[in-house]
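Open the model in your viewer and keep the selection panel at hand. The stops below go from one element to the next, and each says what to select and what is found there.

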2 protein chains.
Amino acid sequence: MRFLHTADWHLGRRLFGYDLYEEQRDAMRQLIEIAQEEKVDAVVVAGDLYDRQNPAEQAVAQLADFIQEINLELKLPLLMINGNHDSAVRLGVGNQWYQQTNFYLHTQLSQAFEPIEMENVQFFLLPYFELYEARQFFEDDQIRTLEQAITLVVEQMQKHFVAGKQHVLVAHFFAAGSQRSDSETTISVGGLDAVPINLLAPFDYVALGHVHNKDALQQKLVRYSGSLLKFSLSEAHQTKGVLIVDTDPQISVHFRPIKQLHEVQNIQGEFSDLTNNDYLRTHHVDQTAYTGIVLEDTNVISNASQYLRDKFPRFLMMSRAHGLATYTEKKITASQLQSPLKLLSDFYEDATQTTLSTAQKKVAENALKEADECDL
Amino acid sequence: MRFLHTADWHLGRRLFGYDLYEEQRDAMRQLIEIAQEEKVDAVVVAGDLYDRQNPAEQAVAQLADFIQEINLELKLPLLMINGNHDSAVRLGVGNQWYQQTNFYLHTQLSQAFEPIEMENVQFFLLPYFELYEARQFFEDDQIRTLEQAITLVVEQMQKHFVAGKQHVLVAHFFAAGSQRSDSETTISVGGLDAVPINLLAPFDYVALGHVHNKDALQQKLVRYSGSLLKFSLSEAHQTKGVLIVDTDPQISVHFRPIKQLHEVQNIQGEFSDLTNNDYLRTHHVDQTAYTGIVLEDTNVISNASQYLRDKFPRFLMMSRAHGLATYTEKKITASQLQSPLKLLSDFYEDATQTTLSTAQKKVAENALKEADECDL
C-alpha cells in the first residue's frame with residue numbers, strides 16, 4: 001500500500017502576530033492534490049493538528065472541513081493522533097463515530113495497542129501522552145522517563161504483531177539525535193523527553209510528528225514529515241512538504257514539497273537600499289514574503305520599522321548586523337542640568353536627528369511638572 | 001412512536017461558584033434510566049448542551065460520554081440542536097459522522113429544512129440562529145425580527161411536510177407569553193426575540209428549549225421541558241425533569257421528574273436558630289442543600305456568612321428580611337474630629353460591637369499616616 005505521512009499542521013498558529021489561515025488553507029489544498037496525484041490508500045497525521053489546547057472557532061471549522069473532505073468526500077482512510085499542542089479531550093470528541101468510515105483518531109494511550117490493519121500493514125497509533133498516563137496504564141509508579149514508558153509501550157505493541165505483516169508506528173515525540181528548531185514547543189526538560197531510536201527498531205517504519213524540520217533526524221525509516229508551513233524565520237531555508245510511503249515490496253519513501261503561499265525570508269542590506277523601489281525591483285526582492293530584516297547600517301534611523309513595513313507588508317522584525325554605532329558620551333552642561341526639559345530635548349535631538357514637536361514638548365513639560373510637584 | 005424531550009443541560013454550569021458536575025452526572029443517569037423504563041424510541045435535546053460557547057474540558061468529556069452511551073451503547077436515535085449558549089462551530093464538529101448512527105445534530109440554519117423521518121413522524125430540527133444567518137439564508141435584508149424569520153422558516157418547512165404524517169418542531173427560543181426566570185441568559189432586547197406561538201400552529205408538537213421552567217408556557221403541545229437541574233434560588237420550588245411524548249394515535253405528553261442530587265432551598269429565620277444544631281435537627285432542615293438564607297435579625301452580626309457556611313456546606317448567599325436596624329446617628333465629638341483614628345475605632349465599635357485589635361489599629365494608623373502625608 002501507499003500512504004501519505006504528514007504532521008504538525010498547527011491550525012490556528014500565528015507568525016509574529018500574522019494570522020496564517022490563508023497559508024494553512026493553501027497548504028491543505030496542495031496536500032489533498034498530492035494525495036490524489038499519488039493515489040495514496042491512506043493519510044497519516046502524526047499529531048499537532050491544532051496549535052493550542054483550546055483552538056479558536058476558525059481553526060476548529062478549518063479542521064472539520066478538511067477531515068470531512070479527506071475522509072467523507074474522497075473516502076480516504078485517515079489515521080490520526082493528538083500531539084503535545086492538542087487537547088486529547090477536545091480533539092477526541094466523536095472518535096467513536098469516526099471509526100465507521102475508517103477515520104481512526106487515537107487520543108488515549110489505552111487506544112495505542114489495537115492495530116489498525118490495512119492490506120499487509122499493521123498501524124499502531126500512539127497518541128502524545130504524559131508520564132502519569134503511562135504510570136496509570138501500566139500500573140507502574142517507577143516509570144520516570146519517556147524512554148522507560150516507550151520501552152513498555154513497544155513491548156506491549158509487539159504482542160499484537162502478526163508475523164509476515166509490516167508494522168508502522170505513528171507517534172509524536174522527540175527522537176534522540178534530532179535537531180530542534182525554535183518553532184516546536186519544548187514541554188519537558190533535562191533530556192527526559194528524548195526517545196532513543198534503537199527502541200523503535202521493531203517497526204518497519206515510524207511516522208513521527210513534533211519536529212518541524214523534515215531533515216532533523218537522519219534516519220531512513222524513522223522519519224519526521226515536518227510541518228506544512230514555515231513557522232519561524234529560522235525555517236526560511238527549509239523545504240516543507242509531506243512524505244509518500246510505499247510498503248510494497250519493502251518500505252520506500254519519497255518527499256513531495258508544499259509550496260508556501262507566502263515565503264518566509266531573511267534579508268540583509270542597507271536601509272536606503274531596502275526602502276528603495278528600484279533597488280528592490282532590480283534585485284528581485286520578494287516583497288510579499290514574511291520578512292525578517294537585518295540592517296547593515298549602524299546609525300539610529302527614526303521610524304525604521306514603519307518604513308520597512310511600508311515596503312514589506314508582511315514585515316516581521318528588524319535587527320542590526322553590526323549593532324548601533326557607539327554613542328559618543330557627551331558632558332552634560334550646566335544649563336542642561338538646570339532645565340530637565342532642555343536635557344530631554346537635546347537627548348531626543350541627538351538620538352533621532354529631529355527636534356521635539358510642539359505637541360511633544362507640551363507633553364514633556366507637563367510630565368516634568370507633575371514629577372516635580374509630587375516628589376514622593 | 002414515543003420520544004423523550006429534554007433541553008438546557010448547561011454542562012459546565014456553576015451555581016454561586018459551586019461546580020455542578022456531580023449533580024449533572026446524577027441527572028443524566030436518571031435521564032437514561034427514564035429513557036429505558038419508558039422504552040422511548042428517540043431522545044430529543046432542544047439546545048444549550050453546554051453552558052458556554054467554549055466549555056471546559058470536563059464538560060466536553062461529560063457530553064461525549066453521555067452521547068456515546070445514548071446513541072452508541074443504547075442505540076437510541078438522538079436528535080439535537082445547539083442553543084444560544086452553545087457554539088454552533090464547536091458543537092457541530094463530527095455531525096457528518098454522527099448521522100450514520102441516527103444521531104442528528106443540527107447547528108446551521110440550512111440544516112433545518114430536511115426532516116428526519118421516524119415511523120409516522122417528521123422531525124424538523126431548527127438550531128438556534130442569529131438574524132444575520134436568516135438574512136443570508138433567505139437572501140432577504142428586510143428580516144429584522146425573529147418573528148419575521150420564524151415565519152419564513154415555518155413556511156419553508158411546510159413545503160417538506162408529507163400529508164398524513166405528524167410534524168414535530170425542535171427549537172430553542174423564547175415563546176411569547178412564557179415566564180422568564182433569572183437563570184436563562186437573555187440575548188436580545190426589546191421584544192424582538194419573542195416568537196408568537198400562533199406561528200407554530202402547523203406543527204403537531206413543538207419541543208422547545210431555552211426557558212428553564214417547564215411550566216413557563218401554558219400550552220398543551222408547545223412545550224418547554226425545562227432544565228434538568230435548578231440553576232438559581234428562584235427555581236427552588238420548581239420541579240425539574242423530562243417530557244415523554246407519545247405520538248400514536250395522537251400526541252400525548254407526560255412528565256417524569258428528575259430528583260436533585262442536592263436540593264436548592266431558601267430558608268428564613270433567626271441567626272441563633274439557623275446556627276443551632278438542635279434547632280436544625282428538630283425542624284428537619286436539609287443542611288446538604290444549596291441554601292439561600294434570609295435572616296430575620298436586624299442587628300449587625302460579625303462573620304455571619306462564615307458561621308452559616310459552617311452549618312450549610314452549600315451555603316449560597318444571605319440577605320435580610322427586615323434590613324438592618326437604623327443606625328442611630330450620633331454627633332461627632334470634637335475629640336473625634338481631632339483624631340481620625342478615634343473616629344474610626346468608635347465607628348468600628350458601634351458597628352461590630354467589638355474593638356479594633358492591635359493589628360487592625362496598626363493598619364489603620366499607617367493608612368491614616370500615609371493619607372496625611374501625601375495629600376494630593
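**A helix across the sheet of chain A**

Begin by selecting helix 1 of chain A, which lies across strand 1, strand 14 and strand 15 of chain A and runs at about 160° to strand 1 of chain A. Helices here are DSSP runs of H or I with at least four residues, strands are runs of E with at least two, and both are numbered from the N terminus. Angles are taken between N-to-C directions and run from 0 to 180 degrees, with axes as lines fitted to C-alpha atoms, for helices over the stretch in contact. Contact means heavy atoms within 4.5 Å.

This is a predicted model, in which local features need pLDDT of at least 70 and side-chain atom pairs count only at pLDDT 80 or more, whereas totals for chains, interfaces and linings use all residues. Residues are numbered from 1 along each chain as its sequence is written, chains are lettered from A and ligands numbered from 1 in the order in which they are written, and side-chain values use heavy atoms, with hydrogens and water left out.

Now show the sheet itself, an open sheet of six strands in chain A with the order 6-5-4-1-14-15 and mixed pairing. Two strands pair if DSSP finds at least two bridges between them. Its edges are strand 6 (103-106) and strand 15 (252-257) of chain A, each of which pairs on one side only. On average, neighbouring strands of this sheet are turned by 20° against each other, direction ignored.

Within the sheet, select strand 1 (residues 2-6) and strand 14 (residues 241-246) of chain A, which pair in the antiparallel sense over four bridges. Arg2(A) is the residue to label here, as it stands opposite Asp246(A) in strand 14 of chain A. Add helix 2 of chain A, which packs on the sheet and touches strand 4 (42-46), strand 5 (78-81) and strand 6 of chain A, its direction making about 145° with that of strand 5 of chain A.

**The two helices together**

With helix 1 (residues 21-37) and helix 2 (residues 57-73) of chain A both selected, the pair packs at an angle of about 10°, with axes 12 Å apart. Helix 1 of chain A is therefore roughly parallel to helix 2 of chain A, a term used for angles under 35 degrees. Among the residues that make the contact are Tyr21(A), Met28(A) and Ile32(A) of helix 1 of chain A, and Gln62(A), Phe66(A) and Ile70(A) of helix 2 of chain A. The residues of this contact divide into six nonpolar, three polar and three charged; Ala, Val, Leu, Ile, Met, Phe, Trp, Tyr, Cys and Pro count as nonpolar, Asp, Glu, Lys and Arg as charged, and the others, Gly among them, as polar.

**Loops to inspect**

Most residues other than glycine have a negative phi, and most peptide bonds are trans. Go to Phe16(A), where phi is near 50°, a positive value in a residue other than glycine; Phe16(A) lies in the loop between strand 2 (14-15) and strand 3 (18-19) of chain A. Next, select Asp248(A) and Pro249(A), which are joined by a cis peptide bond with omega about 5°, in the case of Pro249(A) within the loop between strand 14 and strand 15 of chain A. In chain B, the peptide bond from Asp248(B) to Pro249(B) is cis, with omega near 0°.

**Between the chains**

Finally, show both chains. A rotation of 179° with 0.2 Å of shift along its axis superposes chain B on chain A, with an RMSD of 0.3 Å, the fit being by least squares on the C-alpha atoms of residues with pLDDT of at least 70 in both. The two copies are thus related as by a two-fold rotation axis.

The contact takes 25 residues from chain B and 25 residues from chain A. Chain B and chain A bury about 2,100 Å² between them, 63% of it on carbon and sulfur atoms, where buried area is the accessible area (1.4 Å probe) that two parts lose on being put together, summed over both. To end, select Glu57(B), Arg90(B) and Trp97(B), which in chain B lose the most area to chain A, together 33% of what that side buries.

How values were computed. Parallel < 35°, antiparallel > 145°, perpendicular 65-115°, else oblique.
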